[in-house]
Amino acid sequence: MDKIGKDKWAAIVATGLAGLVTGSLAFASAVDVRSFLFHVKDEVGANLARNHFAVWWPYGASWMIPLISATSVSFGVAWKMTRKSAWASAGIGIFLIGPYTKLVLMEDINALRNGNTEDVRKTTTRFCNLHHVRLVMASAAFVTALVSLAKM
């Protein structure tokens with residue numbers, strides 16, 4: 001069996017972490033987001049969604065912020081080791097999930113965590129639709145990493 005070089009190990013780690021980011025966001029989009037949409041159909045459900053979101057968001061952030069940070073750094077290391085631009089572009093794509101969340105989603109996040117029932121009902125659909133963009137960003141980076149890794 002051939003010895004795996006440091007550059008390939010860096011690429012493997014970046015790809016694996018990108019898979020975790022993508023999987024986490026896929027679960028949120030496929031399960032959590034759909035659950036929120038189900039609940040906000042009536043006032044009782046909207047109150048449930050608001051109360052759940054107030055807990056769900058901080059736990060999600062405490063998982064995603066370190067994961068996205070580690071993944072971004074790992075892509076930087078993979079780029080430095082390989083000097084292949086695909087690793088840099090995929091890493092930038094993963095990194096931009098953070099600013100996208102802060103700039104595009106934060107107003108909705110605050111409304112969902114702290115708003116009244118009507119705010120929650122109005123905001124949930126927009127938040128859920130905009131949440132899917134993060135999955136697309138992560139998926140593009142993950143596919144780029146898989147293709148780049150396969151070419152090594």
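## A buried aspartate and its partner

Asp 108 is buried, with a relative accessible area of 3%, and in this predicted model the residue takes part in a salt bridge with Arg 126, in which the closest N and O atoms lie 2.5 Å apart. The pair links distant parts of the chain, since Asp 108 sits in helix α4 (residues 97-114) and Arg 126 in helix α5 (residues 117-150), with their positions 18 residues apart in the sequence. Side chains of opposite charge can pair when their charged atoms come close.

The two partners can also be described by their exposure: Asp 108 is buried at 3%, whereas Arg 126 counts as partly exposed, with 42% relative accessibility. A search of the whole structure finds 1 salt bridge.

## Overall architecture

The chain holds 5 helices and 0 strands, and reading along the sequence gives the pattern α-α-α-α-α. Along its principal axes, the C-alpha trace spans about 60 × 30 × 20 Å. Of the 152 residues of the chain, 39% count as buried.

Among the contacts in the chain with a separation of 6 or more, 78% come from residues that are 24 or more positions apart. The accessible surface of the chain comes to about 8,500 Å², and carbon and sulfur atoms account for 66% of that area.

## Contacts of helices α1 and α2

Leu 37 belongs to helix α1 (residues 6-39) and is partly exposed, its relative accessible area being 31%. The C-alpha atoms of Leu 37 and Thr 124 are separated by 6.6 Å, although the two residues are 87 residues apart along the chain. When neighbours within four places in sequence are left aside, Leu 37 is in contact with Thr 124, Thr 125 and Cys 128.

Ser 74 is placed in helix α2 (residues 43-82), where the residue is buried, with a relative accessible area of 9%. Once its neighbours within four places in sequence are set aside, the contacts of Ser 74 are Ala 10, Val 13, Ala 14 and Leu 17. The value for Ser 74 falls into the buried class because that class takes in residues under 20% relative accessible area, while Leu 37 at 31% counts as partly exposed because its value lies between that cut-off and 50%.

## Distribution of charge

Asp 42, Glu 43, Glu 118 and Asp 119 gather on the surface in a patch of negative charge. One of these residues, Glu 118, lies in helix α5 and counts as partly exposed at 43% relative accessibility.

For the chain as a whole, there are 16 positive and 9 negative charges, and the mean positions of these two sets are 12 Å apart.

## An unusual backbone angle

Most residues other than glycine have a negative phi. Arg 83, however, has a positive phi of about 60 degrees although the residue is not a glycine. The place of Arg 83 is in the loop between α2 and α3 (85-95), and the residue is exposed, with a relative accessible area of 52%. Arg 83 is assigned to the exposed class because its 52% is over the 50% cut-off.

Key. Residues numbered from 1 in each chain as written. Predicted model: local features only at pLDDT ≥ 70, side-chain atom pairs only at ≥ 80, totals over all residues. Heavy atoms only, no water. Salt bridge = Lys/Arg side-chain N within 4 Å of Asp/Glu carboxyl O. Helix = DSSP H or I, 4+ residues; strand = E, 2+ residues; numbered from the N terminus. Buried < 20%, exposed > 50% of the residue type's maximum accessible area, 1.4 Å probe, protein only. Patch = residues over 30% accessible without salt bridge, like charges linked within 9 Å, V, L, I, M, F, W, Y side chains within 5 Å. Areas by Shrake-Rupley, 256 points an atom, 1.4 Å probe, with all protein chains shown as cover. Lys, Arg positive; Asp, Glu negative; His and termini not counted. Charge placed at Lys NZ, Arg CZ, Asp CG, Glu CD. Contact = heavy atoms within 4.5 Å.
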